[in-house]
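Grab a pencil and work through these exercises with the model open beside you. Try each task before you read its solution.

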Amino acid sequence: MTENFDLFPAEKPSSSGPAAPEKVAAKVQELRARLNRWAHEYYVLDAPTVPDGEYDRVYQQLEALEGAYPALITPDSPTQRVIGAVLDGLAPVRHVVPMLSIHTETDTEASGAQAFDARVRKELKLAESDLPVTYVAEPKFDGLAMSLRYENGRLVQAATRGDGEVGEDVTHNIRTIRQIPLSLHNAPPVLEVRGEVYMRRADFDALNERQREKGEKTFVNPRNAAAGAVRQLDSGMAAQRPLSFFAYGLGAITPAEAGGPVFATHYEVLQALKSWGFPVAAQVRTAQGASELVAFHGEVGASRAQLPYDIDGVVYKVNRLDWQRSLGFKTREPRWAVAHKYPAQEMSTLMEDIDVQVGRTGKLTPVARLAPVFVGGVTVTNATLHNVFEIRKKGVRVGDTVIVRRAGDVIPEVVSRAPGVRPAYVPNFRMPKACPICGSEVVREKGEANHRCTGGLFCAAQRKEAILHFAQRRAMDIEGLGEKLVDQLVDGQVVKVLPDLYRLGLTALAALDRMAEKSAQNVLDALQKSKQTTLPRFLFGLGIRQVGEATAKDLARHFGGLDAIMDASEEQLLLVPDVGPIVAQSIHTFFAQPHNREVVEQLRKPAPDGCGITWEEGAPAERALQVLAGKTVVLTGTLPTLSRDEAKDMLEAAGAKVAGSVSKKTSYVVAGTEAGSKLAKAEELGVPVLDEDGMLALLKGQA
């Protein structure tokens, strides 16, 4: 039955003056409620109750009222989904609760589910006679992970996963997705919803058809099209790409003691998400034990081709939240969840040639050039061969018919040679002895399968990675020199080698995209500040393979100066504590390259001919004189005057190893305010606990 939504005459703006604000405000709220309800029915429930024309008519009424009374416009109004403003850039967002990845079960058969169930039961110490574990089984969407933060019922921020700790603010684009509510009812004051942004296959096909009609570039697959839309700076452009959303979990939320909801199971969380208006996949269900997980994997796999969106597997999660907390995490993955993939899609084609690509880290990768073949939803013309040993193992040569595999958005790879007779003799592929980009020597380290270019500070292929590593906080700490700026500097041929950074001028820097004069000056100031550094920071910043922060500090302590390190033989390098044959070879090889030595000399040569980077060098250290030599120390909590990095540097300078966890081998725990489980573990094991003053006394040899 259709309702009458005509405006009553008193609401229509007229020359005699506006209608009473209370009356207009009430009508605006009524129209918004109806539009939101209809949008939920259409986009989330897929069960519209009014025709499109009726929706459009009411939408136009709301638009007219908001146009007449702009003060009534709110960010969560249906008319405000597409803003269209081009932003300066995507701002970083630190996740309150990290967005961790899920372990992938590579066994695509039934044993993958059985192995996960066995691990869970073992961790929970369940006997064979105990009841089966209850799981929640869900599709694994092939999209882009997203975090939506609501405060007092309104969407205030949307952020990508990023590196799990820090993502990008994409609120302006997420607001264009009709399935995502802009306002919630009966939700806790703080609610962070986790889910997946994706593009339906039909929408993807229609988008590509429009692109072809306009003579513009088409998109490779739905996931890439969705990711590109989410990271657009212009939400008007993003709105032209039809995106969808599924919710599957929670991040930060008002705690129970502050009035937040109480959940016992993950399935209850999903039902709450549905009640708040979020779409949850229809395939989601609980499963008892491994047998039902296997059945779910098979059923969803059988219907995979018929789904309106792409999936590359299913996800199993322990249902009970108290068991999830008990199982905890391993590295950056929860022990209570696993992604169970489906078999990769494979096709055969002709391998026409083999090229070599040089990656950002100097790794040389042989790449097969293929006759075009459609695999996993895309046309593939290149596929990785990984390394020369894989080529030998698979027995493939130019001219062979090969099997190509592509799973999800993983880089296509050549799996094997297809059965059949090779048409003619073709010699085995050999890796080049010189880098195809810069001509530097190519080496393969002992025990390594990969070949690498040794021109790390000189090679154009490694230029961006070298600069970003050099500028990072624990190296030269050049604030403001981020990935987007480095892209412009390198792509524009402004910076070809590291010393070019210190030759940048204000005018040239300010002329770059999204770089105002103030931002440019800040970068120049940071570069100037970085000229006063330490030898360990400089060494670490050079990006020598196998040389991390700890090794850089050990080298500086052992040799005292850079020249001694650069001229050291492998035998001399092996005398440094914790430096083994592979690390020694890597250091020696790096400084044996004339290109690298030239860059280093330019960096430390005094101005105006050089960059003028300086540090205080000292005499070679005697490890026996270090007061904490052989000791292991753990830092926890916030110290009164020292930052965590400052305390770590002081301890390592005294010969201590600074570890991240407490064990029986820990010598001391240094605890500040808000110390947590590490302090409790130390007390349990009887490990000595020091405050900041105690640590300083220990460093002075007074403890």
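## Exercise 1: Strand 3 and its partners

Strand 3 runs antiparallel to strand 9 (residues 285-288), and 4 bridges join the two. Keep in mind that you're looking at a predicted model.

**Task.** Find the bridge partners of Ala137 and Glu138, and work out which sheet strand 3 belongs to.

**Solution.**

Step 1. Start on the strand 9 side: Ala137 has Arg285 as its bridge partner there.

Step 2. Now look at strand 10 (residues 311-318), which pairs with strand 3 in the antiparallel sense over 7 bridges. Here Glu138 is matched with Val315.

Step 3. Keep going to strand 13 (residues 337-341), which is antiparallel to strand 10 over 5 bridges. Val315 turns up again, this time opposite Ala339 in strand 13.

Step 4. Put the pieces in order: this is an open sheet of 5 strands, 2-13-10-3-9, with mixed pairing. Its edges are strand 2 (104-105) and strand 9, each pairing on one side only.

Step 5. Add the helices. Helix 3 packs on the sheet and touches strand 2, strand 3, strand 10 and strand 13; its direction makes about 170 degrees with that of strand 13. Helix 8 lies across strand 3, strand 9 and strand 10, at about 50 degrees to strand 3.

**Task.** Why is strand 3 (residues 134-141) described as largely enclosed by the rest of the structure?

**Solution.** Count its buried residues: 6 of the 8 are buried, so strand 3 is largely enclosed.

## Exercise 2: A second sheet

**Task.** Work out the strand order of the open sheet of 4 strands, and say which strands stand at the edges.

**Solution.**

Step 1. Begin with one pair: strand 4 (residues 144-151) and strand 7 (residues 190-198) are antiparallel, with 8 bridges. Within this pair, Ala145 stands opposite Glu196.

Step 2. Extend to both sides and you get the order 5-4-7-8, again with antiparallel pairing.

Step 3. Strand 5 (154-160) and strand 8 (244-253) each have a single partner strand, so one side of each is left without a neighbour in the sheet.

Step 4. Check the twist: neighbouring strands here are turned by 30 degrees against each other on average, direction ignored.

Step 5. See what lies on top. Helix 6 (residues 222-230) crosses strand 4, strand 5 and strand 7, running at about 35 degrees to strand 4. Helix 8 (residues 266-275) packs on this sheet too, touching strand 7 and strand 8, and its direction makes about 120 degrees with that of strand 8.

## Exercise 3: Two helices that pack

**Task.** Describe how helix 3 (residues 111-123) and helix 9 (residues 289-302) pack.

**Solution.**

Step 1. Two packed helices are described by the angle between their axes and the distance between the axes.

Step 2. For this pair the angle is about 150 degrees, and the axes are 8 Å apart. The crossing is right-handed.

Step 3. List the contact residues: helix 3 brings Ala113, Gln114, Phe116 and Asp117, while helix 9 brings Gly289, Ala290, Leu293 and Val294.

Step 4. Sort them, and you get 5 nonpolar, 2 polar and 1 charged.

## Exercise 4: Inside the core

**Task.** Which residues of the largest nonpolar core touch the most other members?

**Solution.**

Step 1. The core has 66 residues, and the ones you want are Met146, Leu148, Ile174, Phe245 and Phe278.

Step 2. Zoom in on Met146. Leaving out residues up to four places away in sequence, its contacts include Ile174, Val193, Val230 and Phe245.

Step 3. Don't stop there: another core of 54 residues lies apart from this one, with Ala552, Ile565, Val576 and Ala584 among its members.

## Exercise 5: Spot the backbone oddities

**Task.** Where does each of Pro608, His386 and Gln546 sit?

**Solution.**

Step 1. Pro608 is in the loop between helix 21 (594-604) and strand 21 (632-636). The peptide bond leading to Pro608 from Ala607 is cis, with omega near 10 degrees.

Step 2. His386 is in the loop between strand 16 (378-384) and helix 11 (388-394). Its phi is near 70 degrees, a positive value in a residue other than glycine.

Step 3. Gln546 is in the loop between helix 16 (535-541) and helix 17 (549-559). Its phi is positive as well, near 75 degrees.

Definitions and conventions. Residues numbered from 1 in each chain as written. Predicted model: local features only at pLDDT ≥ 70, side-chain atom pairs only at ≥ 80, totals over all residues. Heavy atoms only, no water. Pairing = 2+ DSSP bridges. Axes fitted to C-alpha atoms, helices over the stretch in contact; angles between N-to-C directions. Contact = heavy atoms within 4.5 Å. Buried < 20%, exposed > 50% of the residue type's maximum accessible area, 1.4 Å probe, protein only. Left-handed = near helix turned anticlockwise from the far one by under 90°. Nonpolar A, V, L, I, M, F, W, Y, C, P; charged D, E, K, R; others polar. Core = buried A, V, L, I, M, F, W, Y, C linked by side-chain atoms within 4.5 Å.
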